[in-house]
Amino acid sequence: MENSSSPSGRRALDTQFAALQDELLRMGTLVDEAIAGSMQALRTRNRPLAEKVVAGDAALNRLRYEVEEACLTLIATQQPAASDLRAILALDMIAVELERMGDHAEGIAKIVLRLGDDPLIKPLIEIPQMAEHCRSMLKQSLETFLARDPAAAHRVGDRDDEIDHLYRKLFDDEVAIMAKDPGAVARGTYLLWIAHNLERIGDRITNICERVIFMTTGQIGMVYP
């Protein structure tokens with residue numbers, strides 16, 4: 001067992017942590033592809049693409065547990081100092097958030113399969129916008145982790161309000177439509193479930209930002225100066 005305070009221990013810790021970061025970025029790419037795929041499947045009613053998104057969630061699940069095991073091994077073998085320990089724990093928790101985002105994207109794809117060829121009760125306006133915000137925020141949140149930049153993490157986390165605003169607008173519009181046309185309730189509910197999954201992805205990206213802040217400052221939550 002090597003202590004991270006020794007030169008050789010420091011090198012080993014840095015090398016192994018860099019490898020874990022690469023795995024985390026790989027998970028981020030898979031999540032981004034799952035969100036994009038589920039949205040494309042929704043727009044085009046592409047059942048094979050929706051099924052591909054559903055099947056692809058297994059890879060994210062596997063990576064999450066591999067990262068968790070590697071983090072535990074790194075802690076046990078390298079005895080990291082406090083700042084390194086926070087970084088390892090943050091990485092592990094971010095991997096959990098990414099895996100759950102994959103679950104939400106999978107959920108969207110499953111709803112697309114249930115929708116079939118039924119017409120939508122309103123044009124796809126807010127949902128694609130929510131998805132683009134999610135994809136952009138996800139990329140930026142992982143960049144703040146790599147840069148260890150708490151100020152940038154605050155800015156990314158604040159963008160969740162944009163997703164929440166779009167979700168509320170969609171919810172209000174659909175409730176009004178369904179109140180006038182009870183026959184549209186099932187189709188409207190499917191779209192609300194899709195939007196809810198995207199809203200939850202936004203929340204989980206905010207959680208990533210909170211982990212970055214904790215890793216770099218020791219503060220818990222979106223704490224502002």
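**Helix H4 and the nonpolar core**

User: Which residues in H4 are buried?

Analyst: In H4, these are Glu-126, Ile-127, Pro-128, Met-130, Ala-131, Cys-134, Met-137, Leu-138, Ser-141, Leu-142, Thr-144 and Phe-145. H4 is a helix, meaning a DSSP run (H or I, at least four residues), numbered from the N terminus. This is a predicted model, where local features need pLDDT of at least 70 and side-chain atom pairs count only at pLDDT 80 or more, while totals for chains, interfaces and linings use all residues. Residues are numbered from 1 along each chain as its sequence is written, and side-chain values use heavy atoms, without hydrogens or water.

User: Why is Arg-64 called buried or exposed?

Analyst: Its relative accessible area is 14%. Buried means under 20%, exposed over 50%, and partly exposed in between (1.4 Å probe, protein chains only). So Arg-64 is buried. Arg-64 lies in helix H2. Beyond its neighbours within four places in sequence, Arg-64 is in contact (heavy atoms within 4.5 Å) with Met-27, Ala-95, Val-96 and Glu-99.

User: And what makes Arg-11 buried or exposed?

Analyst: Arg-11 has a relative accessible area of 55%, so it is exposed. Arg-11 sits in helix H1.

User: What makes a set of residues a nonpolar core?

Analyst: The members are buried Ala, Val, Leu, Ile, Met, Phe, Trp, Tyr and Cys residues, joined through side-chain atoms within 4.5 Å. The largest such core here has 62 residues; Leu-98, Ile-127, Phe-145, Ile-194 and Leu-198 touch the most other members. H3 gives the largest share, 14 residues. Ile-127 is in contact with Met-39, Leu-42, Leu-170, Leu-191, Ile-194, Ala-195 and Leu-198, leaving aside its neighbours within four places in sequence.

User: How do you know that H3 is roughly antiparallel to H4?

Analyst: Their packing angle is about 170 degrees, and their axes are 12 Å apart. That angle makes H3 roughly antiparallel to H4. The cut-offs are under 35 degrees for roughly parallel, over 145 for roughly antiparallel, 65 to 115 for roughly perpendicular, and oblique for the rest. Axes are lines fitted to C-alpha atoms, for helices over the stretch in contact, with angles from 0 to 180 degrees between N-to-C directions.

User: Which residues meet between H3 and H4?

Analyst: From H3 come Ala-87, Ala-90, Leu-91, Ile-94, Leu-98 and Met-101; from H4 come Leu-138, Leu-142 and Phe-145. This contact has 9 nonpolar residues, no polar and no charged.

Key. Helices (H or I, at least four residues) and strands (E, at least two) are DSSP runs, numbered from the N terminus. Ala, Val, Leu, Ile, Met, Phe, Trp, Tyr, Cys and Pro count as nonpolar, Asp, Glu, Lys and Arg as charged, and the others, Gly among them, as polar.
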